[in-house]
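Hi,

Here is the structure I promised to pass on. Have a look at it first, and then read my notes below.

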Amino acid sequence: VQLQASGGGLVQAGGSLRLTCSDSGDTFSLLDLAWFRQPPGKEREFVAGIRWNGPRTWYADSVKGRFTISRDDAENTMYLQMNGLIPDDTAVYFCAATYNGRWSPDSMAHWGKGTLVTVSS
């Protein structure tokens with residue numbers, strides 16, 4: 001498993017971005033996948049998760065209704081559609097994978113390098 005996140009950038013408040021996480025391995029469809037973020041000076045926090053065997057998704061309260069996580073196992077790719085961005089969404093965003101369906105940072109078995117999202121006011 002080798003995860004790679006991309007799609008970050010600078011956006012004005014109220015704007016949208018779509019993050020992409022790709023994997024070069026052959027077990028992608030068996031992975032529970034998640035997005036985390038680490039705001040400047042703060043700890044890494046869970047943003048959204050999606051299970052390997054169905055469409056069930058989980059979201060942090062701070063992003064519910066604004067962010068959507070999805071996956072395309074045929075393309076070994078996961079997405080995070082971010083709408084209605086606010087300055088508090090500014091962070092380095094990481095994609096991660098686990099085998100146990102738990103969404104804490106300590107439960108992740110694989111991490112990709114982060115991509116920076118900056119939301120200006």
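Before anything else, one cut-off: a residue is called buried when its relative accessible area is under 20%, exposed when that area is over 50%, and partly exposed in between. Keep in mind too that this is a predicted model.

Let's use that cut-off straight away. Phe-46 has a relative accessibility of 19%, so it counts as buried. Its aromatic partner is Phe-36, and the two rings meet edge-to-face, with 5.8 Å from centre to centre and 75 degrees between the planes. Phe-36 is at 0% relative accessibility, so it is buried as well. Because Phe-36 belongs to strand E4 and Phe-46 to strand E5, their pairing ties together parts that are ten residues apart in sequence.

That is one of five aromatic pairs in the structure. Another involves Trp-58 and Trp-103: the ring centres are 5.5 Å apart and the planes are at 50 degrees, so this pair is tilted. Trp-58 sits in strand E6 and Trp-103 in the loop between E9 and strand E10 (110-111), so here the pair ties together parts that are 45 residues apart in sequence. Trp-58 is partly exposed, with a relative accessible area of 24%, while Trp-103 is buried, at 14%.

Now step back a little. Phe-36, Phe-46, Trp-58, Phe-94, Trp-103 and Trp-111 form one aromatic cluster. Arg-44 is worth finding here: it lies over the face of Phe-94, at 3.8 Å from the ring centre. The charged end of Arg-44 also sits over the ring of Trp-111, 4.6 Å from the centre of that ring.

Next, the cores. In soluble globular proteins, nonpolar side chains tend to be buried together. Which residues touch the most other members of the largest nonpolar core here? They are Trp-35, Val-47, Phe-67, Met-78, Leu-80, Met-82 and Tyr-93, out of 27 residues in that core. Several strands each supply at least two residues of this core, among them E1 (3-6), E3 (17-23), E8 (77-82) and E11 (115-120). The largest share, four residues, comes from E9. There is also a second, separate core of six residues, which includes Phe-36, Phe-46, Ala-96 and Trp-103.

On to the strands. Four of them form an open sheet in the order E1-E3-E8-E7, with antiparallel pairing. E1 and E7 stand at the edges with a single partner strand each, so one side of each has no neighbour in the sheet. From one strand to the next, the twist averages 15 degrees.

You can walk through part of this sheet yourself. E1 has a covered face made of Leu-3 and Ala-5, and an uncovered one made of Gln-4 and Ser-6. E1 pairs with E3 in the antiparallel sense over four bridges, and Ser-6 stands opposite Thr-20 in E3. E3 is in turn joined to E8 by six bridges, and these two strands run antiparallel. Along that border, Cys-21 stands opposite Met-78 in E8.

Cys-21 has another link to look for. How many disulfides does a search of the whole structure find? It finds one, and this disulfide joins Cys-21 to Cys-95, with 2.2 Å from S to S. The link is right-handed, with 70 degrees about the S-S bond. Cys-21 lies in strand E3 and Cys-95 in strand E9, so the pair ties together parts that are 74 residues apart in sequence. Is each end buried or exposed? Cys-21 has 1% relative accessibility and so counts as buried, and Cys-95 is buried too, at 0%.

Two loop residues to finish with. Most residues other than glycine have a negative phi. Asn-76 is not a glycine, and yet it has a positive phi of about 50 degrees. You'll find Asn-76 in the loop between E7 and E8, and at 18% relative accessibility it counts as buried.

Pro-55 is in the loop between E5 and strand E6 (57-59). With 74% relative accessibility, Pro-55 counts as exposed. Pro-55 and Ile-69 are 14 residues apart in sequence, and their C-alpha atoms are 9.8 Å apart in space.

Happy exploring!

How values were computed
Residues numbered from 1 in each chain as written. Predicted model: local features only at pLDDT ≥ 70, side-chain atom pairs only at ≥ 80, totals over all residues. Heavy atoms only, no water. Core = buried A, V, L, I, M, F, W, Y, C linked by side-chain atoms within 4.5 Å. Buried < 20%, exposed > 50% of the residue type's maximum accessible area, 1.4 Å probe, protein only. Disulfide = S-S within 2.5 Å. Phe/Tyr/Trp six-rings, centres within 6.5 Å; stacked < 30°, edge-to-face > 60°. Lys NZ or Arg CZ within 6 Å of the ring centre and 35° of its normal. Pairing = 2+ DSSP bridges. Axes fitted to C-alpha atoms, helices over the stretch in contact; angles between N-to-C directions.
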